[in-house]
Amino acid sequence: MSVAFQGSLFDTVDEVGLRSLGAEIRRTTLAHGAWIDLRPGWLTGADELFSRLARDVPWHAERRKMYDREVDVPRLLSFYDEEAQLPDPLLGQARSALSAHYAAELGEPFRTVGLCFYRDGRDSVAWHGDRIGRGSTEDTLVAIASVGAPRTLLLRPRGGGGPTLRHLLGHGDLLVMGGSCQRTWEHAIPKTAKPVGPRISIQFRPRGVG
């Protein structure tokens, strides 16, 4: 897929790779047993990775039933189950690095990789938690790496009653949602009328979490 994308002036590393996970991660404890970790710039050469994924991933559009009609899902999607060959070797390296770093807290490896392509400010995802499968009843982790232009990810307590948190994610940033976050909080990428470039979200999940 050919897209117009302006890279970051700060992403001067040509080689696609991973920076360390560890002391650079900032953890924020949320209410109800939830937490998030943020590692800015985890992926190096993130603009190059964006270009490769935009070109090589077999993106597809979906339609979903909403009330009495079908509507277009406002983003492109691709999903790789644990046995599938990933579209870029860095995604396998990233999944292994996350599994190793969070082994004690998660107790199992990350297995699946999902990708969302937000083409412009009209693409979005509504408020939700990853509660399909075990995420509805168990604590778990969902890791999201972002490449391309930054977009705002919002977090708020499920059912209201607390502040809405904002994180601008792009150019190789990593956000990990842990503890009860998928059950007790919800997150969204809102539409925006501001001129924004395309972004790809890469989600790593354990088996049975969707």
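Is D123 buried or exposed? In this predicted model, D123 is placed in the loop that runs between β8 and β9, and its relative accessible area is 5%, so that D123 counts as buried because the value falls under the 20% that sets the limit for burial. When neighbours within four places in sequence are left aside, the residues in contact with D123 are P74, R75, F117, Y118, R151 and P190.

One of these contacts, R75, also belongs to the lining of the largest pocket, where R75 is listed with R64, L77, V125 and H128 as lying nearest the centre. The space in this pocket amounts to about 960 Å³, and 39 residues line it. Two or more lining residues come from each of the strands β5 (63-66), β6 (69-72), β7 (76-80), β8 (112-118), β9 (125-128), β10 (142-148), β14 (185-189) and β15 (199-205). By residue class, the lining is made up of 19 nonpolar, 10 polar and 10 charged residues.

Nonpolar cores were examined next. In soluble globular proteins, nonpolar side chains tend to be buried together. The largest nonpolar core in the model comprises 35 residues, and those with the most contacts inside it are L53, L98, L115, V147, I200, I202 and F204. At least two residues of this core are supplied by each of α1 (46-56), β7, α2 (89-101), β8, β10, β13 (173-179) and β15, with α1 giving the most, namely five residues. For F204, the contacts that remain once neighbours within four places in sequence are set aside are L91, A94, R95, L98, F110, T112, V113, L141, V142, A143 and A145. Separate from this core is a second one of 20 residues, which includes A34, C116, L153 and M177.

The cysteines were considered last. A search of the whole structure yields zero disulfides. C116, a member of the second core, takes part in no disulfide, and the nearest cysteine sulfur to that of C116 belongs to C181, 17 Å away; because a disulfide requires two cysteine sulfur atoms within 2.5 Å, this separation does not qualify. C181 is likewise in no disulfide, with the sulfur of C116 as its nearest cysteine sulfur. Both residues are nevertheless buried, C116 having a relative accessibility of 9% and C181 one of 2%.

Technical notes:
Residues numbered from 1 in each chain as written. Predicted model: local features only at pLDDT ≥ 70, side-chain atom pairs only at ≥ 80, totals over all residues. Heavy atoms only, no water. 1 Å grid on protein atoms, 1.4 Å probe; cavity = no way out; pocket = protein on both sides within 12 Å on 5 of 7 lines; lining within 4 Å. Points joined across faces, edges and corners; volume = space filled by probe spheres on them. Helix = DSSP H or I, 4+ residues; strand = E, 2+ residues; numbered from the N terminus. Nonpolar A, V, L, I, M, F, W, Y, C, P; charged D, E, K, R; others polar. Buried < 20%, exposed > 50% of the residue type's maximum accessible area, 1.4 Å probe, protein only. Contact = heavy atoms within 4.5 Å. Core = buried A, V, L, I, M, F, W, Y, C linked by side-chain atoms within 4.5 Å.
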